[in-house]
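Student: I'd like a close look at one pocket, please, and then a connected tour of the other features worth finding on screen.

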Amino acid sequence: MIIIKSEREIELMKTANRIVAETHALLAERVKPGITTIDIDRIAEEYILKCGATPAFKGYNGFPATVCIAVNEQVVHGIPGQRILKDGDIIGLDIGAVKNGYYGDAARTLPVGDVSPIARKLIEVTKDSLNQGIAQARVGNRLTDISHAVQQYAESYGFSVVRQYVGHGIGRKMHEAPQVPNYGVPGRGPRLKKGMALAIEPMINVGGWEVKILSDRWTVVTADGSLSAHYEDTIAITDGDPMILTRL
Ligand code: MG
């Protein structure tokens, strides 16, 4: 069942999502060659707590940290640690926060210093594929219109779309119905209605779409070792344009 949020609930969701967006803005200033991934995690956690919110991922199914960090061929769900970022890396940062009982969720992929042209292109196309998906999040469209738009765009650049992980409804829980795949034919699934809140999150690979999980049982990597990027925004469907809750 897809939970429809009232206008008041959407207002409440804005707070948690703004905190997530602010945390991303802060990290974008701090991500540089030489910083460790655990330092990034600490900065994020301190900021979220300072805002009176709670990191949403910490403790979720036993995940040990505030930020899910994915470097280079890592796709999602990497655990922060002593790894030092190098010039030329790309880093995916997925952050969730809960405030007043409502969740916010967003991901960004950032270049570390000077990155290769293909890495820069991957980041740009992943971000734009998310924008293409968001543009379909309108009353009257169906769910997979979003999915199809993401896939079409990413594949038009020769990149591939991860299948095993998908976006989701969001609200009083981090993961609500419906699942939001980043691929598929258009015109399927539920009709989109005002008050639906969705986290749309394409994961795009330079090589093949297949992924595997490392022995830490968390970190998802591309099966072929190619670069991967991840962008995510939480949006609310309105009578008009979609409202993006995780951009400042
Ligand atoms: Mg998410």
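Tutor: Happy to! A pocket here is an open set of grid points with protein on both sides within 12 Å along at least five of seven lines, and a residue lines the pocket if one of its atoms is within 4 Å of a point. Keep in mind that this is a predicted model.

Let's zoom in on the second largest pocket, which holds about 150 Å³ of space. Its lining consists of Lys5, Ser6, Glu7, Ile10, Glu11, Lys14, Lys194, Gly195, Ala236, Ile237, Thr238 and Met243. Helix α1 (residues 7-30) supplies four of these residues, the largest share of the lining. By character, the lining splits into five charged, four nonpolar and three polar residues.

For comparison, turn to the largest pocket, with about 350 Å³ of space. It has 21 lining residues, and those nearest its centre are Tyr60, His77, Asp94, Met174 and His175. Here the lining is made up of 10 nonpolar, seven polar and four charged residues.

Next comes the metal site. The magnesium ion has protein donors from Asp105 (OD), His168 (NE2), Glu201 (OE) and Glu232 (OE), at 2.2 to 2.3 Å. Along the sequence, these donor residues follow the spacing D-x62-H-x32-E-x30-E. Aspartate 105 belongs to strand β5 (residues 102-111), while glutamate 201 is in the loop between β9 (197-200) and β10 (203-205), so this pair ties together parts 96 residues apart in sequence. Both aspartate 105 and glutamate 201 are buried.

Now for the rings: there are two aromatic pairs. Phenylalanine 63 and tryptophan 218 meet edge-to-face, with 5.1 Å centre to centre and 80° between the planes. This pair links distant parts of the chain, 155 residues apart: phenylalanine 63 is in the loop between β1 (54-55) and β2 (67-71), and tryptophan 218 in the loop between β11 (211-213) and β12 (220-222). Phenylalanine 63 is buried, at 3% relative accessible area, whereas tryptophan 218 is partly exposed at 22%.

The other pair, tyrosine 153 with tyrosine 157, is tilted, with 5.2 Å centre to centre and 50° between the planes. Tyrosine 153 has 18% relative accessibility and counts as buried, because the cut-off for buried is under 20%. Tyrosine 157, at 38%, counts as partly exposed.

One last ring to find is that of tyrosine 183: the charged end of arginine 163 sits over it, 5.0 Å from the ring centre.

Note on methods:
Residues numbered from 1 in each chain as written. Predicted model: local features only at pLDDT ≥ 70, side-chain atom pairs only at ≥ 80, totals over all residues. Heavy atoms only, no water. 1 Å grid on protein atoms, 1.4 Å probe; cavity = no way out; pocket = protein on both sides within 12 Å on 5 of 7 lines; lining within 4 Å. Points joined across faces, edges and corners; volume = space filled by probe spheres on them. Nonpolar A, V, L, I, M, F, W, Y, C, P; charged D, E, K, R; others polar. Helix = DSSP H or I, 4+ residues; strand = E, 2+ residues; numbered from the N terminus. Donors = N, O, S within 2.8 Å, 3.2 Å for Na, K, Ca; no water. Buried < 20%, exposed > 50% of the residue type's maximum accessible area, 1.4 Å probe, protein only. Phe/Tyr/Trp six-rings, centres within 6.5 Å; stacked < 30°, edge-to-face > 60°. Lys NZ or Arg CZ within 6 Å of the ring centre and 35° of its normal.
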